[in-house]
Amino acid sequence: PAIAVSDEAPTQTAAAAPAQELPPIGPKLASANVDAGKAIFQKQCFVCHTIDKGGVNKVGPNQWDIVGRKKASHEGFAYSSALQAKGGDWSYEDIDHMIFKPTAFVKGTKMAFAGLPKEQERADVIAFLRTMADSPKPLP
């Protein structure tokens, strides 16, 4: 077979492909199932994250009061430089993108999780995470 050779630089590679657009998660949160989210968290997330107030960090940081918390800020956890550079606070939308596909949302993250492709499951997990705070943040 022939191999085409070109002097032109490729215009886009798979690694540089834009992240997939997700619909806003806000509408799904209104009808999300907190109990289902807790079950998903316990099955998919608890291996690497604790959720209790004052909980220890595991492979990933503790997730207590994550909604509205500054990114890469949980004390005692060594975050990737990529997440540190992301900046801002964890919004519902950011959490949705992170748990959909971590490596697409934060290129260079240390989070080795394939992600949750189902929108309802992500909404349920986010609804559960929202309740894990002294004062849950208002829904969007």
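A nonpolar core is a set of buried Ala, Val, Leu, Ile, Met, Phe, Trp, Tyr and Cys residues joined through side-chain atoms within 4.5 Å. In this predicted model, the largest such core has 30 residues, among which Trp90, Ile95, Ile126 and Leu129 touch the most other members. Trp90 also takes part in an aromatic pair with Phe105, and a search of the whole structure finds 4 salt bridges.

**Nonpolar core**

- Helix 2 (34–45), helix 3 (81–86), helix 4 (92–100) and helix 6 (119–131) each supply at least two residues of the largest core, and helix 6 gives the largest share, with 6 residues.
- Trp90, one of the four members that touch the most others, is buried because its relative accessible area of 8% falls under the 20% limit.
- When residues up to four places away in sequence are left aside, the contacts of Trp90 include Ile66, Val67, Gly68, Arg69, Lys70, Lys71 and Ala72, and they also include Leu83, Ile95, Met98 and Phe105.

**Aromatic pairs**

- A pair of aromatic rings is described by the distance of the centres and the angle of the planes.
- The count comes to 3 aromatic pairs in this model, including the pair of Phe77 with Tyr79 and that of Trp90 with Phe105.
- The ring centres of Phe77 and Tyr79 lie 4.8 Å apart with their planes at 70°, and the pair is edge-to-face because that angle is over 60 degrees.
- Within this pair, Tyr79 is buried, at a relative accessible area of 11%.
- For Trp90 and Phe105, the centre-to-centre distance is 6.3 Å and the angle between the planes is 40°, an arrangement that counts as tilted.
- This tilted pair links distant parts of the chain, since Trp90 belongs to the loop between helix 3 and helix 4 whereas Phe105 belongs to helix 5 (residues 102–105), with the two positions 15 residues apart in numbering.
- Phe105 is buried with a relative accessible area of 14%, and Trp90 is likewise buried, at 8%.

**Charges over rings**

- The ring of Phe105 also has the charged end of Lys86 over it, 4.1 Å from the ring centre.
- Lys58 is placed over the face of Phe46, at 3.7 Å from the centre of that ring.

**Salt bridges**

- Lys71, one of the residues that Trp90 touches, meets Asp94 in a salt bridge between side chains with an N to O distance of 2.7 Å.
- This salt bridge links distant parts of the chain, with Lys71 in the loop between helix 2 and helix 3 and Asp94 in helix 4, 23 residues apart.
- Lys71 is buried at a relative accessible area of 6%, and Asp94 is buried at 17%.
- Asp134 and Lys53 form a salt bridge through their side chains, at 2.6 Å from N to O, which joins the segment after helix 6 to the loop between helix 2 and helix 3 across 81 residues.
- Asp134 and Lys53 are both exposed.
- Asp65 and Lys137 form a further salt bridge, at 3.1 Å from N to O, in which Asp65 comes from the loop between helix 2 and helix 3 and Lys137 from the segment after helix 6, 72 residues apart.
- Asp65 counts as partly exposed because its relative accessibility of 29% lies between the limits of 20% and 50%, and Lys137 is also partly exposed, with a relative accessible area of 27%.

How values were computed
Residues are numbered from 1 along each chain as its sequence is written. This is a predicted model: local features need pLDDT of at least 70, side-chain atom pairs count only at pLDDT 80 or more; totals for chains, interfaces and linings use all residues. Side-chain values use heavy atoms; hydrogens and water are left out. Buried means under 20% relative accessible area, exposed over 50%, partly exposed in between (1.4 Å probe, protein chains only). Helices (H or I, at least four residues) and strands (E, at least two) are DSSP runs, numbered from the N terminus. Contact means heavy atoms within 4.5 Å. Rings of Phe, Tyr and Trp (its six-membered ring) pair if their centres lie within 6.5 Å; planes under 30 degrees apart count as stacked, over 60 as edge-to-face and the rest as tilted. A charge sits over a ring if NZ of Lys or CZ of Arg is within 6 Å of the ring centre and within 35 degrees of the ring normal.
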